[in-house]
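Good morning, everyone, and thank you for making the time. Today I would like to walk slowly through one structure and look at how two of its parts meet.

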Amino acid sequence: MRKKLFLLILSCLTTLGLSAQGRWFNDKDLTLTGVYYYPEHWDESEWDRDFKKMHDLGFEFTHFAEFAWAQLEPEEGKYDFAWLDKAVGLAAKYNLKVVMCTSTATPPVWLSRRYPEILIKEEDGTILDHGARQHASFASPLYRKLAYRMIEKLAEHYGNDSRIIGWQLDNEPAVQFDYNDSAEKAFREFLKKKYVNIKALNDAWGTAFWSEVYSSFDEITLPKRKQMFMNHHQILDYRRFAAAQTNDFLNEQSLLIKRYAKNQWVTTNYIPNYEEGHIGGSKSLDFQSYTRYMVYGDNEGIGRRGYRVGNPLRIAFANDFFRPVQGTYGVMELQPGQVNWGSINPQPLPGAVRLWLWSVFAGGSDFVCTYRFRQPLYGTEQYHYGIIGPDGVTVTPGGYEYSQFVNDIKELRKHYKPRQLMPKEYLARRTAILFNHENSWSIERQKQNATWNTLGHVEKYYKALKSFGAPVDFITEDKDFSAYPFMIAPAYQLADDELVSKWIKYVENGGNLILTCRTAQKDRFGRLPKAKFGAMLNRLTGNELDFYDLLLPNDPGKVVMDNKVYKWNTWGEIIKPAQQATVLAKYTDEFYEGAPAVTTRDLGKGSITYVGVDSQDGALEMDILKKIYPKNNVQILDLPFGVTMEYRNGLGIVLNYSDKPYQFDLPKEAKVLIGKPLIETAGVLVFSIAK
Ligand code: GAL
């Protein structure tokens, strides 16, 4: 019976695309732990000592050459890898594998001086300069050529070296809003390719409005984002273009490396800026990785000391966003202690660094790495903590927490089980959140209510799901919806009939779909369809949308569900429900008092719930979901905010970010491996579920 269940689970997860994990990482390792080292910052005589210390603390890999272009190619066309060879050799002496980087975030000065046209130009005309980092334009063909020439040399040199496990491209590559001439030319080419003739572009952008009409592609410039009334259809295409520049640059780097790389993976280290739109866009990466910093001055945590612990869902969200792209993920940077760039840079609470490490692990990651081994003595990041302090030998508190984590993982390896082994009640709660950054681009440009927050709206649902102990995947439209018993598409504004048909099929086949306000109200160009407002969804929900209203934040409206009152102000849709629909919540004031705000109905073997309102504090979203899961015979947990629970490798991991101890109710047959069921603030409990 158990075996059957396990095979079933395995087959489900294979359909979710978990193959990347098996290709590059071994289940039996659980996770690998590494640390950044910049050999070029230190006297060569100290390298051996440093790698030995890294090894003694338990680290398994290190990370080189991230910003070292000036050292790798000191003069144009003259390469020097001797120093790096020495560092790779010494790391290997201490059993440390290496992640090699492409250093394209820091071109050497000879490059910027000889070819100043590669520098980024800002919207106000400022040209970025040498002396910092990330000042080169990804849209510049010349920059790409010079970068690829250096990368090819590096890949030729290290591609067949078994000491190198993989590659990180660039550093935290972002979408550039670059007004360099090359970017403008590239934008025109992008539009020509997309629209072929100018009439099609004029239609898509609605340029009949305000005499904006173009007669040729050559008249088009990069939209000035500062101009408040700039055509937002154009901005939508501009953002698509800008994201594509970053994606293409990374993709081309990756393909180049893969010509030489033998059994080495390629990834990059994205900042989890979900709405930027580039994460997952470079198709030839082997998996996605992210960087995450948890305490930097904002008190997004719980209670007075929350600013030392961080937002309880910050890592979980990133895990659930990055993992589904290709089935596995890694974390390239995780804070080891104080940072240097926050508004206030406090010490993390003792135990917090370890808590974050387990948070990364809980999401199913294959590695975690930290920035950086030694605190720098000079440069922009002097105040940044490392695993080792400024004397080069003293281990920091965060350094000890890393060491404890690695050693705990090494111990746990004795208990490893396949990654997919998870309890069936956990898998039954599996939920997809359908996400497309273009919805944020579009909505944020035409918010209608300054207090609306697109990502904040998504987070209300996410927070509820995590309190249920539900495994969540953020997915894109191309994924197989049927792998998920529940799917939420929050404020999914840009849509078409094809997507609506895909949703209908999903529901008819047994899926439980939750759509929320602002969904499918525009086409993919950001235009309103020539139909009643919101009518694209009629054949799915059966509802009609009468109108929507927006209120002042300090004078919110109310909706009532099961006699409980909820406040709202950012967006409320007044619904004419389908005859077969059950009204779950109604407005209780204004001239539409008594009108439906939330409806649900069965369709085929599944159900469609429509939430036409965005509550102020997320309580309504939570309570709606609390009705839907049990109605489908799916048990949910009721974890307090700050406590999360996930499973991987036959292990349950419970984390406490809250300011009070939490008593976790262990499942039957569970065996505690780390911690205790009474989990203190910043505490971790790990138990095994399989016999
Ligand atoms: C990251 C960056 C690292 C380092 C770190 C400092 O955003 O990728 O290179 O600057 O911040 O906290």
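**Where two domains meet**

Let me begin with a single count: between domain 1 and domain 2 there is 1 salt bridge. That bridge joins Glu438 to Arg240, and the closest N and O atoms of the two lie 2.8 Å apart. Please keep in mind that what we are looking at is a predicted model.

To place those residues, the domain assignment of the protein chain gives domain 1 as 60-285, domain 2 as 429-631 and domain 3 as 643-688. I will stay with the pair we started from, domain 1 and domain 2, whose centres, taken over C-alpha atoms, are separated by 36 Å.

How many residues of each domain are in contact with the other? On the domain 1 side there are 19, and they touch 16 residues of domain 2. Interface size is often stated as the accessible area that is lost when the parts come together. Here domain 1 and domain 2 bury about 1,500 Å² between them, with 58% of that on carbon and sulfur atoms.

Turning to polar contacts, 10 residue pairs between domain 1 and domain 2 are counted, with both residues at pLDDT 80 or more. Which helices, then, supply the side of domain 1 that touches domain 2? At least two residues each come from α8 (181-195), α9 (198-205) and α10 (232-258), and the largest share, 7 residues, belongs to α10. By character, the residues on this side of domain 1 divide into 8 nonpolar, 4 polar and 7 charged.

How values were computed: Residues numbered from 1 in each chain as written. Predicted model: local features only at pLDDT ≥ 70, side-chain atom pairs only at ≥ 80, totals over all residues. Heavy atoms only, no water. Domains from an automatic or database assignment. Contact = heavy atoms within 4.5 Å. Buried area = accessible area lost by both parts, 1.4 Å probe. Salt bridge = Lys/Arg side-chain N within 4 Å of Asp/Glu carboxyl O. Polar contact = N/O pair within 3.5 Å; in protein donor to acceptor, adjacent residues only side chain to side chain. Helix = DSSP H or I, 4+ residues; strand = E, 2+ residues; numbered from the N terminus. Nonpolar A, V, L, I, M, F, W, Y, C, P; charged D, E, K, R; others polar.
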